[in-house]
Amino acid sequence: MAKKFSFVNIIFFVVFGVLTGVLWAYLCPIPLIPGAVHFRTFAFIIPVIGYLFGPVSGFFAGYIGTIVWALLSGNFIPLHSPIADGITVGLSAFFPAFCHLKNGKIDLVELIDTNKGAFIWKSLFLSVFFGILMILATSASLAYFAGLEYMWCVMWIGIADVVPIALTPFVVLLLAKRMKNIRNIIPYV
């Protein structure tokens, strides 16, 4: 897997990010903390993008998706959304793939074929672990910038994100082999 960062990557970062933001804004109808948190039915999409197209792609899909979601849903909070929320959500997509695939040195399909059970458990652990770290940081930011109770945010963001993030390994299993040809078009970064 040769890494080539190109203009094509930037196009896909934007496409993946906008798609993520639109999915979060329009297909997440349950507000958990009105004006700040919705149940993110598609929270798994960004770590899946990280696994399929590379951790950098996952990061930008998460960052751009967060900004698009916040603007479309009316939940944009200055400083919180572009700095704390965008970056931590992006990192929660970056690190599972980065750690699990050794920054692209391990082929995803080969890893799945070698031991599907081990892939599921490690992917599940990494996705949920980094999702929890994102929740803790984002909740601190919401407490500071929006004046919300920290533990209240931890609980509701945890419900909003961790439950869907737990679907990550299963969606990756479903898509990895089907998207192998597409992954050859989009450089893995």
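Exposed means over 50% relative accessible area. Keep that cut-off in hand for this tour of a predicted model.

**Stop 1: tyrosine 144.** Select tyrosine 144. Its relative accessibility is 66%, so the residue counts as exposed. Now add phenylalanine 145, which is partly exposed at 37% relative accessible area.

**Stop 2: helix H6.** Show residues 116–146, which make up helix H6. Pick phenylalanine 125 and phenylalanine 129. They are 4 residues apart in this helix, so about one helical turn separates them. The two differ in cover: phenylalanine 125 is exposed at 54% relative accessible area, while phenylalanine 129 is partly exposed at 37%. Return briefly to tyrosine 144 and phenylalanine 145: their ring centres lie 4.9 Å apart with planes at 85 degrees, so this pair is edge-to-face.

**Stop 3: aromatic pairs.** The structure holds 15 aromatic pairs. One of them joins phenylalanine 125 and phenylalanine 129, with centres 5.7 Å apart and planes at 15 degrees, so the pair is stacked. Extend the selection to Phe94, Phe95, Phe98 and Phe130: together with Phe125 and Phe129 they form one aromatic cluster.

**Stop 4: arginine 40.** Which rings does the arginine 40 charge sit over? Select tryptophan 24: arginine 40 lies over its face, 4.1 Å from the ring centre. Then select tryptophan 69: the charged end of arginine 40 sits over this ring too, 4.6 Å from its centre.

**Stop 5: the nonpolar patch.** Switch to a surface view. A nonpolar patch there includes Phe5, Phe7, Tyr26 and Leu72, and its residues together have about 1,000 Å² of accessible area. Helix H1, residues 7–26, gives the largest share, 8 residues. End on phenylalanine 7, which lies in helix H1 and is exposed, with a relative accessible area of 61%.

Terms used:
Residues are numbered from 1 along each chain as its sequence is written. This is a predicted model: local features need pLDDT of at least 70, side-chain atom pairs count only at pLDDT 80 or more; totals for chains, interfaces and linings use all residues. Side-chain values use heavy atoms; hydrogens and water are left out. Patches are made of residues with over 30% relative accessible area and no salt bridge: like charges are joined within 9 Å, nonpolar side chains (Val, Leu, Ile, Met, Phe, Trp, Tyr) within 5 Å. Accessible areas come from the Shrake-Rupley method with a 1.4 Å probe; for residues, only the protein chains shown count as cover. A salt bridge is a side-chain nitrogen of Lys or Arg within 4 Å of a carboxyl oxygen of Asp or Glu. Helices (H or I, at least four residues) and strands (E, at least two) are DSSP runs, numbered from the N terminus. Buried means under 20% relative accessible area, exposed over 50%, partly exposed in between (1.4 Å probe, protein chains only). Rings of Phe, Tyr and Trp (its six-membered ring) pair if their centres lie within 6.5 Å; planes under 30 degrees apart count as stacked, over 60 as edge-to-face and the rest as tilted. A charge sits over a ring if NZ of Lys or CZ of Arg is within 6 Å of the ring centre and within 35 degrees of the ring normal.
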